[in-house]
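Work through the exercises below with the sequence and the model open side by side. Each task is followed by its solution in steps.

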Amino acid sequence: MTVHPSLQTYADAWTHSIEAIAELVQPLVEGEWNRATPCPGWSVRDIVSHVIGMECEMLGDPRPIHSLPRDLYHVRGEFSRYMEMQVDVRRHHTGPEMTSELEYILIRRARQLRNENRQPDHLIRAPLGAEQTLEVAYRMRAFDVWVHEQDLRVALGRPGNLDSPGALVTRDNLLAALPKVVAKDAGAPPNSAVVVDVHGPVEFLRTVRVDAEGRGSVDGAPSLGPAVTLALDWETYVRLACGRVRPAAVADRIKIEGDAELGQAILENFAVTP
C-alpha cells in the first residue's frame, strides 16, 4: 500500500465494507435485487448502482448522460437528483450485469488505492461540481459504503459487521454532526449539556456542551447535570442519524432522562445524511 497514513484507516474500512457488499450480492437471484431497503426509495439494485456510481466518480469517469423520470417521489432537491442519476441509469440492469460491474470497479479502485501518491489535502471533484480534499473523500466513501452495507444486510436478512472498521468511521462521522443537531437544530439552551449514551457492538458516551453563545461542541467527559440524557443502542443510533427510521418507530429502543421536550427535539432532528 502506498496510501498516506492518514488515509489508510479510511482505505481499509472502505475495502472491508465494499468486499462485504460484493459477497452479499454475488449469490442473489433476480427477484432479490428488487427488494426494498431501509434507504428511502432504493432497492438492493439501486444501492449497488449508487455504490458503483460513486466509485466511478472517485476514478474520474464521466457521469452518465441520462434524463431522470419525473415521478421519483424520493428525489427531492438538487443533491438527490445528482445521486439518483447513477442509480436510475442502471435500473434495468440484470443481476449478473450488476455483479460484474461491481467486480470490475473493485479491481480498478483497488489499483487506484495501491498507486495512491496524492496528499490528503489534494483537492478532487465532489458532488455537484464542488471540491473536497482527498481525505474527506476517502472518509465519506468509507462512511457511505458501510451504511449501505447495513441497508443491504437489513433487506437481505443478513445482519453483521456492526462493529467493523467502517462502523468506527461512521461513529466519528456522525458524532462530528452532533453539536449542530443539539445546539442549532434542536435549540438546546445556552450553558446546557446533553449526554448521548450508546451501547451495543459500538459503545460510547459523549457530552454535547452548548456555550453561552449557543455554540455546540462534543467531548468524552461525562456531565454532572445534563439537561437530558439519551440512551440507545448503536444500530438504532445509526438508523436514526442516517434517516432510515423515524423516532416514533423506535421509541421503545430509546430512553430519555431529563428534559423530555428537548430530548424529543433532538431525536426529531437526528438525521444528518442528505
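**Exercise 1. Contacts of Y138**

Task: Find which residues Y138 is in contact with, leaving aside its neighbours within four places in sequence.

Solution. The model is a predicted one.
Step 1. Set aside the sequence neighbours of Y138; the residues in contact with it are then V3, L7, Y10, A11, M58, L113 and E116.
Step 2. Place Y138 in a wider setting: the largest nonpolar core has 38 residues, and Y138 is among those with the most contacts inside it, together with V25, V44, V48, L102 and L152.
Step 3. Assign the core to elements. Two or more residues each come from α1 (5–25), α2 (44–58), α4 (95–114) and α5 (134–156). The largest share, 10 residues, is that of α1.
Step 4. Look for a further core. Another one lies apart from it and has 36 residues, including V182, L240, I254 and L262.
Step 5. Put this beside a general tendency: in soluble globular proteins, nonpolar side chains tend to be buried together.

**Exercise 2. Helix α5**

Task: Compare the span of α5 with the span expected from its 23 residues.

Solution.
Step 1. Use 1.5 Å times one less than the number of residues.
Step 2. For α5 this should give 33 Å, and the end C-alpha atoms are 33 Å apart, so the two agree.
Step 3. Check the cover of α5: 18 of its 23 residues are buried, which leaves the helix mostly covered.
Step 4. Look just past the end of α5, where G157 takes a positive phi of about 65 degrees.

**Exercise 3. Two residues of helix α6**

Task: Describe the surroundings of T170 and of N173.

Solution.
Step 1. Locate them. T170 is in helix α6 (residues 165–185), and N173 also has its place in α6.
Step 2. Apply the cut-off for buried, under 20% relative accessible area. T170 has 0% and is therefore buried; N173, at 15%, counts as buried too.
Step 3. List contacts beyond four places in sequence. T170 touches F143, W146, V147 and W234, while N173 touches R139, M140 and F143.
Step 4. Turn to R139. Its side chain is joined to that of N173 by a polar contact of 3.0 Å. T170 and R139 are 31 residues apart in sequence, with 8.9 Å between their C-alpha atoms.

**Exercise 4. H74**

Task: Is H74 buried or exposed, and which side chain does its own side chain meet in a polar contact?

Solution.
Step 1. H74 is found in the loop between α2 and α3 (78–88).
Step 2. Its relative accessible area is 15%, so H74 is buried.
Step 3. The polar contact is with the side chain of E84, at 3.0 Å.
Step 4. Not counting residues up to four places away in sequence, H74 touches P40, G41, W42, S80, E84 and R91.

**Exercise 5. Cysteines**

Task: Count the disulfides.

Solution.
Step 1. The test is a pair of cysteine sulfur atoms within 2.5 Å.
Step 2. Try C56: the nearest cysteine sulfur, in C39, is 18 Å away, and C56 is in no disulfide.
Step 3. Try C242: its closest cysteine sulfur, also in C39, is 9.3 Å away, which is too far for a bond.
Step 4. The count comes to zero disulfides.
Step 5. Note the accessibility as well: C56 is buried at 10%, and C242 at 2%.

**Exercise 6. Helix α7**

Task: How many of the eight residues of helix α7 (residues 234–241) are buried?

Solution.
Step 1. The buried residues in α7 are W234, T236, Y237, V238, L240 and A241.
Step 2. That is six of the eight, so α7 is largely enclosed by the rest of the structure.
Step 3. Inspect the start of α7: a side-chain oxygen of D233 comes within 3.2 Å of the backbone nitrogen of E235.
Step 4. Inspect what follows: just after α7, G243 has a positive phi of about 70 degrees.

**Exercise 7. The whole chain**

Task: Compare the radius of gyration of the protein with that of a compact globule.

Solution.
Step 1. For 274 residues a compact globule would have a radius near 19 Å; the protein has 20 Å, which agrees.
Step 2. The C-alpha trace spans about 55 × 40 × 35 Å along its principal axes.
Step 3. The protein has eight helices and seven strands, and 48% of its 274 residues count as buried.
Step 4. Of the contacts between residues at least 6 apart in sequence, 64% join residues at least 24 apart.

Methods. Residues are numbered from 1 along each chain as its sequence is written. This is a predicted model: local features need pLDDT of at least 70, side-chain atom pairs count only at pLDDT 80 or more; totals for chains, interfaces and linings use all residues. Side-chain values use heavy atoms; hydrogens and water are left out. A nonpolar core is a set of buried Ala, Val, Leu, Ile, Met, Phe, Trp, Tyr and Cys residues joined through side-chain atoms within 4.5 Å. Buried means under 20% relative accessible area, exposed over 50%, partly exposed in between (1.4 Å probe, protein chains only). Helices (H or I, at least four residues) and strands (E, at least two) are DSSP runs, numbered from the N terminus. Contact means heavy atoms within 4.5 Å. A polar contact is a pair of N or O atoms within 3.5 Å; within protein, one must be able to donate a hydrogen and the other to accept it, and residues adjacent in sequence count only if both atoms are side-chain atoms. The radius of gyration is taken over C-alpha atoms; the globule rule is 2.2 Å times the number of residues to the power 0.38.
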